[in-house]
Amino acid sequence: MGEGDEQRFGLSTTEWTFYQFVQQTPKGIKFTDRPPEMDVQESYLAMNALLKKNALEVIQLNGENMLKAIDLRDAQKASKLTDDARLLYNTVRAAGNQGIWSKDLKKKTNLHTIVFNRTIKSLEQKQEIKAVKHVKYPTRKIYMLYNITPSSEVTGGAWYTDQELDTDFIDSLKAACLKYIASRSFPRVEGVAAAVFSADHEHYPTAAEVRRFITESRISSIDLSVKDITSLLDVLVYDGAVEKKMPFMMDMEVFSDDEDEDDTSVNWCYKAVRKATSRLPTEALTETPCGKCPVFHFCTQGGPVSPENCEYFKKWLVW
């Protein structure tokens with residue numbers, strides 16, 4: 001067998017031509033579509049041969065049957081399996097990195113329970129498929145191909161460890177991100193504690209810059225994406241610790257108030273919010289009921305509201 005035959009997994013020239021034609025359209029082709037160099041009869045013969053060899057599968061797209069190419073390595077594995085195992089394998093493969101719930105898998109394959117359980121166990125032992133845990137549905141068995149990495153929707157992404165939300169890791173990263181953003185949010189002016197940048201300051205950090213800081217500082221051993229960092233910064237925004245700022249030099253015609261803040265085309269900047277501190281001592285008048293009384297102006301001696309019958313004073317004095 002030559003090198004070309006090994007690459008084509010034993011497909012004939014016409015089968016290989018038709019397979020490559022289908023492969024060029026990841027979403028699938030119609031049954032009437034064919035390579036320009038092949039006539040109708042050649043196309044149908046090649047198509048039927050590829051279907052028998054599990055190199056093509058029939059899918060439904062918008063209510064229409066379509067042909068989709070299957071990875072030839074998966075097709076070769078499936079061809080060596082029994083009919084029941086092949087049915088299960090192809091159904092699991094079609095689920096991709098999202099996986100498929102065992103209940104849905106049984107429903108789609110319509111296999112008897114005993115046959116289903118026996119075949120699943122056999123495929124797991126051969127390391128063709130694997131069961132993974134879903135963070136949203138921890139009691140469900142989700143199956144996918146053995147060599148596939150589960151999607152972040154299944155594993156929970158960087159914020160989960162062993163299907164548990166890693167709050168310590170999240171809190172440490174939030175603190176590091178806030179410290180970095182704060183260091184670039186206010187100028188350092190000797191003798192001026194409350195110094196601020198001018199309104200046209202353009203150098204507040206973006207999510208990409210925060211990610212670079214986290215990576216270079218080796219704060220996280222996990223390779224976090226810009227999307228991961230953005231979700232972390234959004235939490236800081238919701239906490240009131242950071243505010244989102246549109247780039248100052250951005251064309252205002254590109255962005256309007258009606259647009260969603262989650263628009264990925266906008267390279268948002270982030271600025272730390274300086275917490276206001278009270279200059280009054282804790283024993284100041286504002287700490288007494290009178291200092292924050294909503295009916296202070298109506299309070300007179302002998303009136304309907306007076307120090308003698310004040311409900312706020314009663315509660316304040318009983319401590």
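Three strands form an open, antiparallel sheet in the order β3-β5-β4; two strands count as paired if DSSP finds at least two bridges between them. The edge strands are β3 (100–101) and β4 (129–132), each of which pairs on one side only. Between β3 and β5 the pairing is antiparallel and runs over 2 bridges, and I100 stands opposite Y143 in β5. Strands of a sheet pair through backbone hydrogen bonds, either parallel or antiparallel.

The model is a predicted one: local features need pLDDT of at least 70, side-chain atom pairs count only at pLDDT 80 or more, and totals for chains, interfaces and linings use all residues. Residues are numbered from 1 along each chain as its sequence is written, and side-chain values use heavy atoms, with hydrogens and water left out.

Strand β5 (142–145) is followed by a loop that leads to α8 (152–155), and S151 lies in this loop. S151 is buried, at 9% relative accessible area; buried means under 20% relative accessible area, exposed over 50%, and partly exposed in between (1.4 Å probe, protein chains only). Apart from neighbours within four places in sequence, S151 is in contact with N97 and Q98, where contact means heavy atoms within 4.5 Å.

A second antiparallel pairing joins β1 (residues 56–61) to β2 (residues 64–69) over 6 bridges. These two strands form a hairpin with 2 residues between them, and N62 in the turn has a positive phi of about 55°. L61 stands opposite E64 in β2.

The chain as a whole has 12 helices and 9 strands. Helices (H or I, at least four residues) and strands (E, at least two) are DSSP runs, numbered from the N terminus. In helix α2 (residues 13–23), the buried residues are E15, W16, F18, Y19 and V22. Seen down the axis of α2, these residues fall within an arc of 165°, so they line one face of the helix; the arc is that of the directions from the helix axis to the C-beta atoms. An α-helix has 3.6 residues a turn, so residues three or four places apart point the same way.

Helix α4 (residues 72–79) has L72, D74, A75 and A78 buried. They cover an arc of only 155° around the axis, which puts them on the same side of α4. At the N-terminal end of α4, D71 acts as a cap, with a side-chain oxygen 2.8 Å from the backbone nitrogen of R73.

Helix α11 (residues 226–238) contains V237. This valine is partly exposed, with a relative accessible area of 24%. Not counting residues up to four places away in sequence, V237 touches V242, K244 and Y270. V237 and K271 are 34 residues apart in sequence, and their C-alpha atoms are 9.5 Å apart in space.

Two cysteines can be placed by their accessibility: C269 is buried at 8%, and C310 is buried at 14%. The whole structure has 0 disulfides, a disulfide being a pair of cysteine sulfur atoms within 2.5 Å.

Over the chain, 33% of the 319 residues count as buried. Among contacts between residues at least 6 apart in sequence, 53% join residues at least 24 apart. The accessible surface comes to about 21,500 Å², of which 52% belongs to carbon and sulfur atoms; accessible areas come from the Shrake-Rupley method with a 1.4 Å probe, and for residues only the protein chains shown count as cover.

Notes: A polar contact is a pair of N or O atoms within 3.5 Å; within protein, one must be able to donate a hydrogen and the other to accept it, and residues adjacent in sequence count only if both atoms are side-chain atoms.
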